[in-house]
Protein chains: 2
Amino acid sequence: MSDRPELISVDWGTSSLRAYLADASGVTLAEIDADKGALSLGRGEHEPYLASLLRDWKSRHPELPIVASGMVGARQGWIEAPYASCPAGLAEIAAATVIAPSAALGGVRIVPGVSCRDARGAPDVMRGEETQILGALAGERRGEGVYVLPGTHSKWARVEGGRIVGFETFMTGEAFAALKDHTVLGRMMAPAADRTEPTGFALGVDAAAALQRPGDLLHAAFMTRTFGLFGQLAPDQLAEYLSGLLVGAEILAGARGANSATVIGAPALVQRYRTAGARLGVELTPAPAHCATRGQIAVLKAISDARR
Amino acid sequence: MSDRPELISVDWGTSSLRAYLADASGVTLAEIDADKGALSLGRGEHEPYLASLLRDWKSRHPELPIVASGMVGARQGWIEAPYASCPAGLAEIAAATVIAPSAALGGVRIVPGVSCRDARGAPDVMRGEETQILGALAGERRGEGVYVLPGTHSKWARVEGGRIVGFETFMTGEAFAALKDHTVLGRMMAPAADRTEPTGFALGVDAAAALQRPGDLLHAAFMTRTFGLFGQLAPDQLAEYLSGLLVGAEILAGARGANSATVIGAPALVQRYRTAGARLGVELTPAPAHCATRGQIAVLKAISDARR
């Protein structure tokens with residue numbers, strides 16, 4: 001470890017931006033949080049926005065490379081970095097990076113997303129998560145296993161020989177919000193109170209385990225309402241039930257029978273998934289922090305190694 | 001058949017009201033459509049509203065009984081008609097009707113809803129659909145089988161010996177609307193154009209048949225977006241895909257392995273379910289029209305028979 005900055009790392013998603021001044025091992029020395037997501041800026045606005053955010057760091061450390069991952073590389077982002085197709089590991093992803101031109105910043109290296117197709121030919125995509133997976137893999141010897149990135153659009157990726165061989169997106173977080181805020185299910189919900197035991201979440205996870213057919217999810221979700229109507233769950237536990245149901249169903253489908261996976265994400269969400277996983281026999285082990293930065297460092301090193 | 005009015009039949013749901021002047025066989029001689037649902041009126045407002053709507057019919061036919069079913073009997077409706085518990089047939093439902101007092105109308109008989117519990121103790125409820133099922137059963141000799149009422153909250157009921165022995169609600173219609181209007185899935189959708197072959201709907205139904213685990217529904221729904229991103233479905237077919245996926249999943253779960261059922265509902269929705277059912281090996285036979293009115297007539301007859 002050292003405290004010498006080696007990289008300016010930018011995690012630029014749909015709705016927010018985080019930049020880190022990081023050392024060679026991924027330890028972050030300084031951080032900038034900004035609220036303009038990559039999809040909230042128009043054509044030509046990304047470069048000046050990032051340049052103004054990074055002006056101080058860049059003037060103090062003019063030699064540092066700048067790497068960005070996430071929706072910044074989407075067609076509607078700053079510059080398109082076309083998807084690398086599965087199987088995709090460090091070499092394939094590093095080779096598909098794109099340089100976004102910037103006089104002020106000396107160019108910004110954009111990491112591409114990854115795409116795959118399932119057995120029936122249906123496509124799936126990720127942007128940003130591939131870099132986090134590379135970061136989690138950076139500390140691993142084998143580079144095998146299942147990697148989960150929970151969230152609005154959760155990703156479950158299968159890694160073999162250090163490469164992402166396939167993955168699925170589950171729109172768990174977004175479906176939860178839409179059902180809670182825009183259907184009858186939200187009507188009786190009260191904000192979650194502090195409880196020793198969040199009974200609703202556990203009940204939801206157990207209900208997910210008891211589902212028999214896929215469409216039963218549309219029935220079990222409706223139980224959010226009837227549990228409230230019949231007083232079987234307190235109003236502050238109804239959203240917990242719905243969350244447990246959807247997260248539990250996602251874990252059982254995403255794991256596809258695997259009994260362990262590595263989970264990458266914000267601590268509170270990671271804990272929620274670990275709690276559900278434990279009830280379902282799927283052990284979820286947290287990845288180290290700052291996987292996006294660690295993945296970008298790995299990408300830079302792969303590019304540098306390839307040039308030798 | 002006769003054209004002599006025998007009943008004023010009121011189908012008063014959450015968001016609208018339909019009243020029919022009907023003969024003894026359920027043929028409707030006149031109809032009133034009104035837009036005040038049972039849950040959009042406050043305490044004390046239901047009786048004067050209905051009295052004003054029915055004034056002409058009542059003055060011409062002062063002797064006619066008035067029967068209402070639907071959310072009008074909910075706790076937040078006109079007067080609560082507590083749920084009849086499964087198993088519930090004509091006798092149980094007729095015995096649980098409640099008279100809502102009205103000087104102008106001479107009282108209005110309210111048909112109760114039906115409740116049940118599944119094997120795990122989770123409750124479910126219907127209000128209005130039980131009367132439609134009784135109407136569909138009125139022409140049947142055996143009174144056995146599966147009855148489907150598709151919609152915002154679809155109901156799948158199992159009938160044995162003329163009684164509803166259990167049912168499940170699937171929030172298909174409401175989940176479709178919430179996902180279409182309040183998630184990323186709707187962004188690329190265009191209104192459905194007239195097509196000889198609605199490829200999206202069939203693709204969605206087939207995707208439902210291919211789901212392996214319940215949580216896969218959260219993945220297959222996301223494919224609405226990636227099929228659009230990759231140009232595999234035209235923008236006007238994306239909502240069709242999502243609809244086919246959810247309707248297909250509902251049918252497979254609701255039928256629980258049965259290969260036929262009776263479907264009760266508006267013609268366009270019934271046709272959509274029949275199309276999906278045909279792809280999935282579940283034959284859906286439409287019930288006669290005006291099942292709510294026919295069910296109310298059966299309820300009145302059961303009450304009259306019980307008094308003899």
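No salt bridges are counted between chain B and chain A in this predicted model. Polar contacts do join the two chains, with 11 residue pairs in which both partners have pLDDT 80 or more. On the side of chain B that touches chain A, the residues divide by class into 26 nonpolar, 13 polar and 12 charged.

Turning to the extent of the interface, 51 residues of chain B are in contact with 51 residues of chain A. About 4,300 Å² is buried between the two chains, and carbon and sulfur atoms give 70% of this area. Within chain B, the residues that lose the most area to chain A are Met171(B), Pro214(B) and Leu218(B), which together account for 16% of what that side buries.

Both strands and helices of chain B feed into this surface. The elements giving two or more residues are strands E8 (114-117), E9 (123-126) and E12 (163-170), along with helices H4 (172-182), H5 (199-210), H6 (216-229) and H7 (238-255). Helix H6(B) gives the most, with 11 residues.

It is worth looking next at how the copies are arranged. A turn of 180° with a shift of 0.0 Å along the axis lays chain B on chain A with an RMSD of 0.0 Å. The two copies are therefore related as by a two-fold rotation axis. In chain B, Pro214(B) has the C-alpha nearest this axis, at 1.7 Å; Pro214(B) is also among the three residues of chain B that lose the most area to chain A. Finally, 100% of the interface residues of chain B are interface residues in chain A as well, so the copies meet through the same surface.

Conventions:
Residues are numbered from 1 along each chain as its sequence is written. Chains are lettered from A and ligands numbered from 1 in the order in which they are written. This is a predicted model: local features need pLDDT of at least 70, side-chain atom pairs count only at pLDDT 80 or more; totals for chains, interfaces and linings use all residues. Side-chain values use heavy atoms; hydrogens and water are left out. Contact means heavy atoms within 4.5 Å. Buried area is the accessible area (1.4 Å probe) that two parts lose on being put together, summed over both. A salt bridge is a side-chain nitrogen of Lys or Arg within 4 Å of a carboxyl oxygen of Asp or Glu. A polar contact is a pair of N or O atoms within 3.5 Å; within protein, one must be able to donate a hydrogen and the other to accept it, and residues adjacent in sequence count only if both atoms are side-chain atoms. Helices (H or I, at least four residues) and strands (E, at least two) are DSSP runs, numbered from the N terminus. Ala, Val, Leu, Ile, Met, Phe, Trp, Tyr, Cys and Pro count as nonpolar, Asp, Glu, Lys and Arg as charged, and the others, Gly among them, as polar. Copies are superposed by least squares on the C-alpha atoms of residues with pLDDT of at least 70 in both.
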